[in-house]
Amino acid sequence: MSMSTSSHDTPGTEAGADLSLRALTKKFGAFTAVDELDLEVGSGRFFALLGPSGCGKTTTLRMVAGLEEPTSGRIVLGGDDIGRLKPYKRPVNTVFQNYALFPHLDITENVAFGLRRRGVKDVKNQVQEMLDLVELGAYGGRRPAQLSGGQQQRVALARALINKPRVLLLDEPLGALDLKLRRQMQIELKRIQTEVGITFIHVTHDQEEAMTMADTIAVMNKGVIEQMGAPADLYDNPATTFVSNFLGQSNLVSAEVAGRRAEEIVVDVNGSKVGAPASRARRTEGTVWVGVRPEKVFLAAAGEETADGTNTLPGGVVSDVSFIGVSTQYLVEMPWKQELTVFEQNTGARDGFRPGDRVDLHWATAHTFLLDADQDAHAGDESYAALAGAAS
Amino acid sequence: MSMSTSSHDTPGTEAGADLSLRALTKKFGAFTAVDELDLEVGSGRFFALLGPSGCGKTTTLRMVAGLEEPTSGRIVLGGDDIGRLKPYKRPVNTVFQNYALFPHLDITENVAFGLRRRGVKDVKNQVQEMLDLVELGAYGGRRPAQLSGGQQQRVALARALINKPRVLLLDEPLGALDLKLRRQMQIELKRIQTEVGITFIHVTHDQEEAMTMADTIAVMNKGVIEQMGAPADLYDNPATTFVSNFLGQSNLVSAEVAGRRAEEIVVDVNGSKVGAPASRARRTEGTVWVGVRPEKVFLAAAGEETADGTNTLPGGVVSDVSFIGVSTQYLVEMPWKQELTVFEQNTGARDGFRPGDRVDLHWATAHTFLLDADQDAHAGDESYAALAGAAS
Amino acid sequence: GTQGAKQAAGECVSKDLSATEKKMKFSNWPLYIDEKRVKQGGSKVTVYPTLQKFEDQTGITVDYVTDINDNNEFFGIVRNQLADCQSTGRDMFALTDYMAARMIDLGWIQELDKANMPNVEANLSESLRSPSWDPERKYSAPWQSGLTGIAYNADLTGEVKSFDELLTRSDLKGKVSLLSEMHDTMLFMLLLEGADPADFTADEYAAAIERLDKSVQAGQIRAFTGNEYAQDLSKGNIVACEAWSGDIIQLQFDNPNIKFIAPEEGLAIWSDNMIVPNKATHKANAEKWMDFYYQPEIAAELAAWVNYICPVDGAKQAMEKIDPSLVDNELIFPGQDLLAKTYSMMGLDSKTEQDYQQQFAAVTGA
Amino acid sequence: MSVAQLSHVVEGHAPEPPRKRRGRATGYLLLLPGLLWLVIFFVLPTIQLVATSLYDPSGSLDTGYAMTWSVSNYFDVLSTYQEQFLRSLLYASIATALSLLLGYPLAYAIAFKAGRWKNLMLVLVIAPFFTSFLVRTLAWKSILADNGFLVDTLKTLHLLAPDGRLLATSLAVVTGLTYNFLPFMVLPLYASLEKIDPRLVEAGKDLYASPATSFFKITLPLSMPGVVAGTLLTFIPAAGDYINSELLGTPAQRMIGNVIDSAFLVQLDYPSAAASSVVLMVAITVLVLFYVRRAGTEELL
Amino acid sequence: MFVALLVLGYMFLPIAFVVLMSFNDPAGRLSYQFDGFTWNNWLNPCAPAGMCEAVTKSLQIGFLATVFATLLGTLVAFALVRHRFRGRAATSLLIFLPMATPEVVMGSSLLALFAAAGVAGSLGFWSILVAHIMFCLSFVVVTVKARLAGLDSTMEQAAMDLYANEWQTFWRITFPLVFPGILAAALLSFSLSFDDFIVTNFNHGNTITFPMFVWGSAQRGIPPQVNVVGTVMFLVALLLVLGGGLLQRRRPQ
Ligand SMILES: Nc1ncnc2c1ncn2[C@@H]1O[C@H](COP(=O)(O)OP(=O)(O)OP(=O)(O)O)[C@@H](O)[C@H]1O
Ligand SMILES: Nc1ncnc2c1ncn2[C@@H]1O[C@H](COP(=O)(O)OP(=O)(O)OP(=O)(O)O)[C@@H](O)[C@H]1O
Ligand SMILES: NCCCCNCCCN
Ligand SMILES: [Mg+2]
Ligand SMILES: [Mg+2]
């Protein structure tokens, strides 16, 4: 599998470098953590690597940083093969998940560390500038233990950025922060990246984080990249059940391809005819998964409305309603006993439904996608996996 | 301040007990962590205590559990004053944030601990039943270290529940779990509470968690309860800027009360007249904060639409657009330089706006609330606090 | 296995450096030389008057150390070196007859040059001139002789008359110490058994050991000690003990109620002998020392302080000038009556010695 | 449980596998000087000790000792010094128990109650090490002296019989041993107590455990690694000590250490001395293994 | 807490006595009770013949034993934590055994070896040193190992990532972070060596260390200056540890 986002697809600064991983593989004994991975990252990009725990994200980053030796494959940075260089010879820096600040050095010395190792002059000023950039100008004399989590995080960032690496690797740098602080730091990080124009490769568990920050997302699973692209592309047009479930939620319903009209594939879902754009069909015959995002679905009282160009699944019964402030989340039980999810923003424009209400589900044909039915409908659904694991 | 939710408001099982805290105060030296707190929790309720870090949630819970001695005030459970009982004499159990499982005992013995201390017979069967309830029937022989975080969490729950306490205290029991697992555990917890009918008092930082799980939420700030009620009530009708910011996000705009017509207060926002239901006005004269939730606001191209019963603020310019899958978040800069936030669900019904587009903001009069302008507009906005703190 | 410890004569002698190095080191017992406390730079220090005289007269600096507490213990300290033909760091030490005998037998002791010691030749008491283990005094010269008897603290107990009382009197229980050297203590035990210490059988010895063990088991004996008994006796932890004559007289300066008596069973008599070990590099200096202390006046001055039996003829006369009250002191110049009550233990071959020592050790627990 | 596992108990944590495989050569190179040192000056001597214990007992200093594989030495010392052997183990056990009894509250207080005095208290536990062990034991001898202030006071208060004494008793020896090895008990206890999450104790109280029950069911079991390490570090040196018995006891309190010391240094009876040493070492190893196995399988993680 | 203070009191009773006696002006030659106050012992600490020489010997041996044991032990600890090799279990056992061996046994077996090797006659400074290094070694390994095992390896990775080569990583990161452990080990070694009597007693030849001096003088009457040395050592320990703690706490603003 080979994918690429090169810098000429989207405008970006040219300060970073093209990073390209070629058939990169890492085995731990018999276990393959990263499997013939191919990847191109354009310079100046904010690239997010997303995937479930254990899929090989950290291992990939460590190979790029030189902290792990690849079993095979190459790592090319701006034309040079850096795959066998010692970590301290690579123009690549890392922001570690636990920050890994040096507890015995003050903030200034932490940030200055890389420059000093390279014998750079005028360290003082550069450090001060960098601390100002991360808004910690006044904290240079403190020890890491005297800073809060968010501040430590920014020190780690400054310590890496000051070296003007050609690629900055971020391994869940926000993982340890609490929700609100995390959102705040996301904005900071994005601001800084825009300012410095360095290529960022950002590993995260948090899809919302990936979607708001990155210009390219790669979804990784079991050592390989399942899909890669701009956030909205990936979200709207998932290529696999794994991606459709892992990135946001999806309703996936089993259906049979019934025919084709113009640019549309028509499928039969338990007797209802539903259309999908041919361009979003990953499979065009036989059994397929019909997919639609919960927020794209519109609930209507049974039999009430229909419009042209709209798919309808009738006969649902509301089984659960949860109010979550911004929106309300409905579970609707369909006649074939499957529960589908529908999100409705609480705009206040209309009253909601209650459990027991009979409803029809409507959505635009354009928002439908078709996936290969051979794939597991629950792939990538971690809460499902957790439940299954617990019950086993 | 005194508030109550009693069990006859909403049907609930009667297994739990009414808990009532009266003028409960806890001082640490000169610092007052909990300040004359009054609280009534109806039996069988799922009660959520929400508030920023350090506001006194844990201290309150610890006083109820008996792990901290109140400086003054009373704790009454089902009519009995338990405020001076030793912790091990109280029919109250706690699920600790870090679980606090006994590492030297296996799961069965962890769960059996409370029963054994009370000399209960037939411990074996009860433990097995309880483990089955939390879906860990097969794990009795393991040590806590051999379980995953989510599993440990359920053991902690089982260990507390097996004692059939009259009140179960949960101090951020899900805080350490990752996002997806957390959502999964929320569903579990809610299911179990429904099944056992015990009064739950649940402390959390996560508003979404509070809103989906609890039937009553109390928002706490600096040792006192700012507001209490059903989740939707609290969300739609915040009494203070603190609540409006802490529970979800709010746009708060400074305005002058300009008059009153029927059940509506009219205010002037930088020249635009905006209405608010009198029932949702916490202040009816002079300077006020006009509040509206981001998801209630509808963006339209400048000058395009208006409807009756709708408030409009014209002259905005889109300054930032973030796609977050389910919805898109807009920042709109108003003529008076304030940035307002608007959420729009990605229903696919229309194309979004781009940065630079000129837009008007519209929302239903009914969704407007008015707050006391003496309050800090940023109270309870933790990301703002974090930013301010970092810059200081 | 290990090699035997015996050395052939003359094999381990080092070159004598006395001519160039005006110094020597002498290991001796505590309470065995005349002392004086003098103020020096604000604090009191102890000086040894006769030793100072020696240093002044000869220009030899003497390192005088009191690190002999018990013959066997000291043997243990120097045996490795001597058996290995290495220096002990000492030029001379004073050991009791049987131990001196043992070391000479092992070939560890250097022969003395009598030409350097005219005073010794002239003044050594007749009775001490030819012990069986060094008939010609080729290797040794007595430092002092002494008596082993009983001491008690009259402040803390009534008179203790016999060794038997020491072992049996209930008011003394746990406040009695005996000497840790087998030769000292077993001599009295043999007397109690009715055996002759100068000629006893293994069975008699076994019976004596048995008797000692009973006292130990009964908790009568608080300690088996070397010379350190003096401390516990003066502190009061011990109220009565087996003791060496001169020590006790010296303790009387600080506490007149500490008494020395001759037990009804008799007394032990012994001499401590100056000997020069192999590899000592200042033998000639040591010989000068011996010669110096065999001047009657010096000997008397020493005896007047240490109160041990003086081995030097003419010292009694010299004493007239120093302290006439001591001329008739039986403990310094014993008469025939006293000497008649004294015993010493017969010589033992090394095999028997080892066996007896082991039996004794098993009782003393050390 | 093997002796290797035992060592981990003493160290208080399980071995963790090396993180990264680096050059083996470097590893061996780092080990070499230290291990060589231990082999030459610990292992070889121990082998020599065993060899010496089999020398011909009828040898003597004068003749030297021949290697005759005389296993009988063992029977001889066991029968002659049986009493001292047993006493050593008994005293060491009592002293260990007393140290535990005294050391536990101290370690507990330092870990949980000392607050800002914690460091100071820890220092106070370690500092006595620097005042020579002999000097302190001699100080005890003076403090407990028959005519000393302490005994006089106790006699005046009728807490001690008029002819009673403190010095030169089993009590003095055992308290001396307890005193000397108390820091070896307190430090590991403190280390393991400090690791205990106080919330576990709170959880216990929340689950109906009274303070006493909480202690026995939670705190104590969780501090077992410290208890095991502390008791070993106290028991082992105490069983071999002879200074306390020598200075504070009488011949009736002599321990095997005295026997070994005197046999080696005064009697110069090498075979018996070595045999006694070996017996002591074996006895301790067996006891310790037995103890660790019991403590290990029942209470340890 | 009360019991704890009592226990601390028990631990300090003899030390208080030692401090008191360091000011004693003994009336007689064999006095071990407080007869009167004087500064003399403090003003003339070296008055007793041989004592200061013995203290010097002990300090020398303590210092050298500390340096060597700390060096060798630290290397072993690094090997154990950071390297993979055969015979790890045997090595751990070998490290543990000296701690599980009573001192008499250790001292006597060393003497047995020296005797068999025919060097028993030349024991002294070197044999004491060798023995002290031996028994301090295990304690060093255990102490440093604990610190090293607790060291977060991402620190070192971060350093490498920040252009520090292996050597710089070791000296700038690993070593400073492990240093408190090494220091603690060194302190422990020094106190074990300085305090040792039993092992030394077996292998000292003609060399007199401070404990040997105390033992010897205990037989003839302890000079009060011994208490001065005891008091000074105690104060030095107190200052060292407290000072070290303060130094760690004192951090730039
Ligand atoms: N040193 C190692 N030895 C053996 N297996 C390893 C090693 N490091 C990682 N693995 C395995 O390789 C797989 C990938 O690990 P990696 O750390 O890259 O996952 P990840 O995607 O970063 O997961 P997470 O999101 O949990 O951090 C995992 O199954 C892990 O157990
Ligand atoms: N033992 C104590 N001594 C002094 N102050 C304390 C103590 N315990 C808590 N406090 C203070 O009391 C306040 C309330 O603490 P509490 O733990 O109840 O907060 P919380 O609401 O649970 O916060 P969080 O969400 O961070 O858990 C805090 O400012 C805290 O610092
Ligand atoms: N204070 C001097 C004591 C001398 C004792 N000498 C030896 C005794 C005989 N065994
Ligand atoms: Mg990872
Ligand atoms: Mg809390």
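**Exercise 1. Establish which side-chain and backbone atoms hold ligand 3 in this predicted model, and how much of the ligand the protein buries.**

Step 1. A side-chain N or O atom of E181(C) lies 3.0 Å from a nitrogen atom of ligand 3, a polar contact in the sense of a pair of N or O atoms within 3.5 Å. D272(C) also contributes through its side chain, with an N or O atom 2.7 Å from a nitrogen atom of the ligand, while L31(C) offers a polar backbone atom at 3.4 Å from a ligand nitrogen.

Step 2. Ligand 3 exposes 340 Å² when taken alone, and the protein buries 99% of that area (Shrake-Rupley method, 1.4 Å probe).

Step 3. The ligand is surrounded by 14 residues, the closest being P30(C), D184(C), N227(C), D247(C) and D272(C), where a residue counts as near if one of its heavy atoms lies within 4 Å. By class, these residues divide into seven nonpolar, three polar and four charged.

A note on conventions: residues are numbered from 1 along each chain as its sequence is written, and chains are lettered from A and ligands numbered from 1 in the order in which they are written. Because the model is predicted, local features need pLDDT of at least 70 and side-chain atom pairs count only at pLDDT 80 or more, whereas totals for chains, interfaces and linings use all residues, and side-chain values use heavy atoms, with hydrogens and water left out.

**Exercise 2. Describe the surroundings of ligand 2 and the part that α1(B) plays in them.**

Step 1. Among the 13 residues around ligand 2, those that come nearest are S53(B), G54(B), K57(B), T58(B) and T59(B).

Step 2. Oxygen atoms of the ligand lie 2.7 Å from a backbone N or O atom of G54(B), 3.2 Å from a polar backbone atom of C55(B) and 2.7 Å from a side-chain N or O atom of K57(B). The protein covers 61% of the 630 Å² of accessible area that ligand 2 has on its own.

Step 3. β3 (31-41) and α1 of chain B each supply at least two shell residues, and the largest share, three residues, comes from α1(B).

**Exercise 3. Is helix α1 of chain B largely enclosed or open?**

Step 1. The helix spans residues 57-65, and seven of its nine residues are buried, so it is largely enclosed by the rest of the structure; buried means under 20% relative accessible area with a 1.4 Å probe, protein chains only.

Step 2. The buried residues include K57(B), T59(B) and L61(B), and just after the helix G66(B) takes a positive phi of about 95°.

How values were computed:
Buried means under 20% relative accessible area, exposed over 50%, partly exposed in between (1.4 Å probe, protein chains only). Helices (H or I, at least four residues) and strands (E, at least two) are DSSP runs, numbered from the N terminus. A polar contact is a pair of N or O atoms within 3.5 Å; within protein, one must be able to donate a hydrogen and the other to accept it, and residues adjacent in sequence count only if both atoms are side-chain atoms. Ala, Val, Leu, Ile, Met, Phe, Trp, Tyr, Cys and Pro count as nonpolar, Asp, Glu, Lys and Arg as charged, and the others, Gly among them, as polar.
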